[in-house]
Amino acid sequence: MPAIFELTLPEEEPIGLVGPWESQAAPVSYALGEAEADPAAPVWKVSLPADPFEAEQALAQAEAQVAEAESALATVPARLDALTASAPRGAAVSFEVVSYGFEAETPEAEMFSLLEQARQLEQGRGVESYAIGDAAYAAWEQARIQFETFTGQLQREVMHFAWVETNVAGHLLARTTVGWSGDSDTVWLVDLDAQQIALHRRSLQVAVKTRALRMRMFSTVTGGAAKLSMLLTTPAGALLALPAAWKYVTEILALIKTHQNLTQGETHG
Amino acid sequence: MSKPRPTADIPAMPDFSKDETPVPSAPEPAPVPQAESAPVANYGWFDAESQGKLADSTQNFIQKLGSFLSKALDDALTLDVRTYVSEDIGSVTYDKEKSELVGSVQLRAMTYVKIDGDTLVCVPETDGELDTAVWAVHMDMVNQARESRAELMKAIVSTAGSLASVFTPKS
């Protein structure tokens, strides 16, 4: 059985998942027994294989994935600085043309394409001019909705304790409720050995790091939008640039995740 | 279908439309009753009602973050870590009112640290002796909680800072 890292949010699919985490359709099964988390609490569930070596390997991989995502996110401000320094600016500049300077479907090309939409909106192109099938506008709108949804999810995450649980071969070993301030309650199954205890500690660490990473994603997007707004002309530019910044950040993280999945596939293959 | 976009300051693209092969004109369409609303996508962003939707949701988050930050700062004055064991872990639930795990659990260790250094510790014992195994696990969790708190606070503070840049009009 391969290791599974699942995040469940009440009644919705998590947006902007990074590292090893996959979304789990709510309501989650809380494994063995009738226990239920606070219905509003995010649940981070780690399911590991029975083989201790494979379980440790899965956690090591997850730790590396989160660390890589952290590193990639940390490069975003500098990358945006470089892009905005070299990009032409002004009301008459078309970012769509700027995006042609990048290979199609790269994060940069996608971002400039959305920034072009922001520029056109900024220049007062009304909604009536967007015919059905305007793919570029639809992409901008989709990014806006995704960012808005992500923001809503983050709001709920900061207001609640998170549940982190570790299962090995379908058996629940431990559960921790952890608040943002670090307060935590952990319940361990009796008579666990040191290796099993370590598995939960590491699972908890991966979950907590990912939670902080999601918060950093938000700040990277908002900080990125402020940088991109320098290419636009009105004070509302940063708000209009949020979808472009969101797209840029999530595309970079998606590339990292795809690469990780491929590497992981090769390792297992 | 993409609409023409302003491209001043950049080289103009050749107008290929002039070189297009002439296409026979289609027969004159029969008059069609005009629909009440034109087939235009209303994406809901720049109409009067929802113009500030993104701003609202982000500002809403700032407000929530603000109240959360003040609560988190209050919470940060203490650190509360508890370690339980259970033979039936599936029956354990979290009681929000009491802020503790309830059900078939046994509290084995507890650490409560105040910012001024005052510390309350409940040490696990078995047959009158310190249960070193549980104690070691508990201390690991306390250290992990300290690290988590530092990391998360850093993320929150950085978020608050970046939000200011979005809502501060540029000069």
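Run a search over the whole structure, all chains included, and you come away with six aromatic pairs. Keep in mind that this is a predicted model. For any such pair of rings, the two numbers to look at are the distance between the centres and the angle between the planes.

Start with A:Phe5 and A:Trp21. Their ring centres sit 5.5 Å apart with 90° between the planes, an edge-to-face arrangement. A:Phe5 belongs to strand S1 of chain A and A:Trp21 to strand S2 of chain A, so this pair ties together parts that are 16 residues apart in sequence. Are these two residues buried or exposed? Both A:Phe5 and A:Trp21 are buried.

Now try A:Phe150 with A:Trp246. Here the centres are 4.9 Å apart and the planes make an angle of 40°; since that angle is neither under 30 degrees nor over 60, the pair goes down as tilted. This one links distant parts of the chain: A:Phe150 is in helix H4 (residues 135-159) of chain A and A:Trp246 is in helix H6 (residues 237-268) of chain A, 96 residues apart. A:Phe150 has a relative accessibility of 0%, so it counts as buried. A:Trp246, at 1%, counts as buried too. These two rings also have company, because ring pairs join A:Phe147, A:Phe150, A:Phe218 and A:Trp246 into a cluster.

Rings can have a charged neighbour as well. Take A:Trp180: A:Arg211 lies over its face, 4.4 Å from the ring centre.

While you're in helix H6 of chain A, have a look at A:Gln260, which lies in that helix. Its relative accessible area is 6%, so A:Gln260 is buried. What does its side chain make polar contacts with? One of its polar atoms lies 3.2 Å from the backbone oxygen of A:Gln65, and there's a side-chain to side-chain polar contact with A:Glu68 at 3.3 Å. Leaving out residues up to four places away in sequence, A:Gln260 touches A:Gly19, A:Ala64, A:Gln65 and A:Glu68.

Next, the sheet. Nine strands make up an open sheet with mixed pairing, and the order reads S2(A)-S1(A)-S3(A)-S4(A)-S5(A)-S6(A)-S1(B)-S4(B)-S5(B). At its edges you'll find strand S2 (21-23) of chain A and strand S5 (119-122) of chain B, each pairing on one side only. Ignoring direction, neighbouring strands are turned by 15° against each other on average.

Where do strands of the two chains meet in this order? The place to look is S6(A) next to S1(B). Strand S6 (residues 184-189) of chain A and strand S1 (residues 78-86) of chain B run parallel, joined by six bridges. To pick out one spot, A:Thr186 has B:Thr83 as its bridge partner in S1(B).

On the chain A part of the sheet, helix H5 (residues 194-228) of chain A lies across S1, S2, S3, S4, S5 and S6 of chain A. Helix H5 runs at about 140° to S4(A).

Finally, step over to chain B and B:Lys114, a residue of strand S4 (residues 106-114) of chain B. With a relative accessibility of 38%, B:Lys114 counts as partly exposed. Setting aside neighbours within four places in sequence, B:Lys114 is in contact with B:Leu77 and B:Thr78. B:Lys98, 16 residues apart from B:Lys114 along the chain, has its C-alpha atom 19 Å from that of B:Lys114.

How values were computed: Residues are numbered from 1 along each chain as its sequence is written. Chains are lettered from A and ligands numbered from 1 in the order in which they are written. This is a predicted model: local features need pLDDT of at least 70, side-chain atom pairs count only at pLDDT 80 or more; totals for chains, interfaces and linings use all residues. Side-chain values use heavy atoms; hydrogens and water are left out. Two strands pair if DSSP finds at least two bridges between them. Helices (H or I, at least four residues) and strands (E, at least two) are DSSP runs, numbered from the N terminus. Axes are lines fitted to C-alpha atoms, for helices over the stretch in contact, and angles run from 0 to 180 degrees between N-to-C directions. Contact means heavy atoms within 4.5 Å. Rings of Phe, Tyr and Trp (its six-membered ring) pair if their centres lie within 6.5 Å; planes under 30 degrees apart count as stacked, over 60 as edge-to-face and the rest as tilted. Buried means under 20% relative accessible area, exposed over 50%, partly exposed in between (1.4 Å probe, protein chains only). A charge sits over a ring if NZ of Lys or CZ of Arg is within 6 Å of the ring centre and within 35 degrees of the ring normal. A polar contact is a pair of N or O atoms within 3.5 Å; within protein, one must be able to donate a hydrogen and the other to accept it, and residues adjacent in sequence count only if both atoms are side-chain atoms.
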